[in-house]
Amino acid sequence: MSDAKATPAPVGGPVIELQAVHKWYGEFHVLRDINLQVQKGEKVVVCGPSGSGKSTMIRCINRLEEHQQGRIIVAGIELNADLKNIEAIRREVGMVFQQFNLFPHLTVLQNLTLAPIWVRKQPKKEAEETARYYLERVRIPDQADKYPGQLSGGQQQRVAIARSLCMKPEIMLFDEPTSALDPEMIKEVLDVMIGLAEEGMTMVCVTHEMGFARTVADMMVFMDRGEVIERAPPKDFFSSPKSDRTRSFLSQILAH
Amino acid sequence: MADIAQDIPVARQLPPPRSTGVFGWLRANLFNGIGNSILTLICVALLVLIIPPVIRWALINAIWSAPNGAACHGGGACWAFIGEKLRFILFGFFPAGETWRPITVVAIFIAMILAACDRKTWGRRLALLWAVGLIAVFLLMRGGFAGMSEVETRLWSGLPLTLILAVVGMLFGFPLGVLLALGRRSRLPAVRAICVAYIELVRGVPLITVLFMASLMLPLFLPAGMTIDKVLRAQVAFILFAGAYLAEIVRGGLQALPKGQVEAADALGLSYWQRTRLIVLPQALAMVIPPLVNSFISMFKDTSLVLIISLFDLLSCAETALTDPNWQGFYVEAYVFVAVIYWCFCFFMSRYSQVLEREFNRGKRR
């Protein structure tokens with residue numbers, strides 16, 4: 001692990017662990033024997049062609065999808081059918097979606113304070129202070145009273161990131177956070193994510209932004225057809241990929 | 001490079017004026033083509049044909065007071081009939097000496113509805129107000145204390161009965177419908193099966209047969225001597241019916257909600273009921289305001305079906321008033337009067353739904 005940043009040394013093993021995870025959609029074998037460990041403070045970037053199962057894998061980590069075989073352990077809690085465990089894990093794991101999924105009937109501030117108030121039982125005032133702090137962090141402090149529909153795509157995604165951060169999660173999952181954005185808005189979102197990485201947040205990102213991956217990733221994971229094909233630090237991953245499939249994928253997305 | 005040299009910023013301008021006076025408006029909207037001009041002329045002709053006779057009948061030739069029906073047959077409407085029968089049409093068989101009680105009941109209903117109109121009042125205090133209001137309505141109608149004579153429910157009639165059946169039907173039918181809709185989409189097979197069976201069963205039967213069965217068949221199955229109040233039976237039938245119909249409307253809203261909303265709520269750690277209350281229902285219900293209000297309006301008018309089990313709602317009371325031998329043949333007047341009352345309530349609901357729609361769509365407006 002090349003995690004030389006100012007984060008506490010990992011204690012007691014990985015914070016996310018997938019052991020021999022399988023999943024099927026009907027007959028279709030979407031995840032095949034996935035093994036993955038993420039240490040505290042580590043940044044993992046998952047890439048691969050569309051339909052390779054990378055979104056499904058990341059969505060298994062907070063049980064938006066259910067795995068059918070193998071074990072998933074997050075923050076020391078095993079994911080199983082127990083609703084208590086699932087809710088406990090979701091409190092510690094933030095997620096940012098491709099389509100933002102902000103709540104359109106609530107203002108930006110209400111979007112940010114909803115979960116802290118109802119799930120963490122924070123007093124409203126405290127939750128609002130936290131919310132304003134994170135809005136500042138994602139550089140849109142003056143949009144608190146607007147509705148999501150009144151913001152640009154890039155602003156909405158930054159609000160979505162702030163919404164997750166307000167729960168003070170240990171881990172952040174990003175599922176193609178910039179894929180639905182216009183090119184000029186991608187950078188403002190990536191900048192926020194880089195800032196987060198620099199502070200030592202544990203992150204798992206599904207993304208095609210290879211420049212971002214090079215900057216922040218400690219570990220690259222390449223998936224194809226439901227399998228993890230290659231796993232390597234970015235330097236090795238980009239300069240000397242071992243698998244042919246990785247090579248052909250990289251040549252395609254780095255071609256232009 | 002010459003292109004760039006010419007790239008002088010264009011000064012900001014006001015949009016060109018849109019309206020060009022009354023004639024411009026007429027030309028643009030009513031006479032903007034041969035077909036449209038003909039339609040406009042036909043409409044004007046129809047209005048000229050219809051409006052003056054109606055005004056003549058309803059106002060100019062109308063008779064406003066008369067000692068009896070025979071003296072009231074002129075060329076116009078006999079509003080004297082309505083004046084004579086007003087108390088009966090509105091309050092039916094309720095004891096004449098205590099008309100202030102149903103009047104108060106109607107006033108309480110209108111006050112409660114108006115209090116609920118402002119969305120800022122929605123909350124615990126409003127719920128409490130409604131609970132107190134409904135209890136007051138029941139006590140006022142029932143009486144039997146503080147000098148008020150006891151009035152059996154079979155004498156509850158006219159507008160108060162219509163309002164009780166409709167408002168209480170909606171008030172309890174709506175939450176029932178929401179629960180049924182949620183149950184129909186539940187992951188638990190037993191819950192789902194029960195909800196589907198209930199909805200399909202109730203929707204498959206005409207309301208009128210259920211009212212009939214409740215009034216004629218139910219007593220046969222009950223032990224001898226045990227009876228269930230007729231108004232209560234009708235009320236329960238209305239609630240059960242409303243629930244089934246509203247459930248399908250609410251389900252439409254639940255299905256239209258993007259999946260990402262539920263996922264985002266889940267990912268934040270909200271529980272099922274928190275998610276449903278804070279994220280799912282506010283959005284799903286806002287989407288189905290038009291069909292919901294449509295249903296409420298038709299339920300309001302369906303209360304007149306209680307005639308079939310010899311309860312006397314507003315419409316039945318008006319029809320009963322027509323049977324007075326001293327006042328024969330004023331059908332049009334009676335029906336117009338009742339229709340206006342129904343129309344006021346229904347039009348109010350329709351307008352209010354538009355206000356609500358605007359408020360709930362605030363977030364989508366740019």
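Helix H5 of chain A is the biggest contributor to the lining of the largest cavity, giving 3 residues. The model is a predicted one, and just 1 cavity of 30 Å³ or more turns up in it. The space inside comes to about 40 Å³. Both chains have a hand in the walls: from chain A come Gly94(A), Met95(A), Phe97(A), Ala160(A), Arg163(A) and Ser164(A), and from chain B come Ala264(B), Ala267(B) and Leu268(B). In terms of elements, strand E6 (93-96) and helix H5 (153-165) of chain A, along with H11 of chain B, each put in at least two residues. Sorted by class, this lining holds 6 nonpolar, 2 polar and 1 charged residues.

H11 of chain B shows up again in the pairing of charges between the chains. Side chains of opposite charge can pair when their charged atoms come close. Here, Arg59(A) and Glu263(B) meet in a salt bridge, with 2.7 Å from N to O. The pair runs from helix H1 (residues 54-61) of chain A, which carries Arg59(A), across to helix H11 of chain B, which carries Glu263(B). Across the interface of chain A and chain B, the count of salt bridges stops at 1, while the structure as a whole, over all chains, has 25.

As for the interface itself, 25 residues of chain A and 21 residues of chain B take part in the contact. Putting the two chains together buries about 2100 Å², and carbon and sulfur atoms account for 59% of that area. On the chain A side, the residues that lose the most area to chain B are Phe103(A), His105(A) and Trp118(A), which together make up 25% of what that side buries.

Next come the pockets, and in particular the second largest pocket, with about 1200 Å³ of space. Its lining runs to 34 residues, and those lying nearest the centre are Arg187(B), Val262(B), Asp266(B), Tyr272(B) and Arg275(B). Chain A supplies two or more lining residues through helix H2 (83-92), and chain B does so through helix H7 (159-184), helix H10 (230-256), helix H11 (259-267) and helix H12 (272-287). Of these, H12(B) provides the largest share, at 5 residues. The mix around this pocket is 16 nonpolar, 5 polar and 13 charged residues.

How far does the predictor trust all this? For the complex, the ipTM is 0.90 and the pTM is 0.84. Chain A has a mean pLDDT of 90, with 95% of its residues at 70 or more. The weak spot there is residues 1-10 of chain A, where pLDDT is below 50; even so, this stretch has 13 contacts in the model beyond near neighbours in sequence. Where pLDDT is low, the predicted coordinates should not be read in detail. Chain B comes out with a mean pLDDT of 87, and 96% of its residues reach 70 or more. Within chain B, the bottom of the range is helix H1 (residues 2-5), at a mean of 55, and the top is H11(B), at 95. That top-scoring helix of chain B is one of the elements lining the largest cavity, and it also carries Glu263(B), the partner of Arg59(A).

Methods. Residues are numbered from 1 along each chain as its sequence is written. Chains are lettered from A and ligands numbered from 1 in the order in which they are written. This is a predicted model: local features need pLDDT of at least 70, side-chain atom pairs count only at pLDDT 80 or more; totals for chains, interfaces and linings use all residues. Side-chain values use heavy atoms; hydrogens and water are left out. On a 1 Å grid over the protein atoms alone, a cavity is a set of points where a 1.4 Å probe fits but cannot get out, and a pocket is an open set with protein on both sides within 12 Å along at least five of seven lines; lining residues have an atom within 4 Å of a point. Grid points are joined across faces, edges and corners, and a volume is the space filled by probe spheres set on the points. Helices (H or I, at least four residues) and strands (E, at least two) are DSSP runs, numbered from the N terminus. Ala, Val, Leu, Ile, Met, Phe, Trp, Tyr, Cys and Pro count as nonpolar, Asp, Glu, Lys and Arg as charged, and the others, Gly among them, as polar. pLDDT is the predictor's confidence in each residue, from 0 to 100. Contact means heavy atoms within 4.5 Å. Buried area is the accessible area (1.4 Å probe) that two parts lose on being put together, summed over both. A salt bridge is a side-chain nitrogen of Lys or Arg within 4 Å of a carboxyl oxygen of Asp or Glu.
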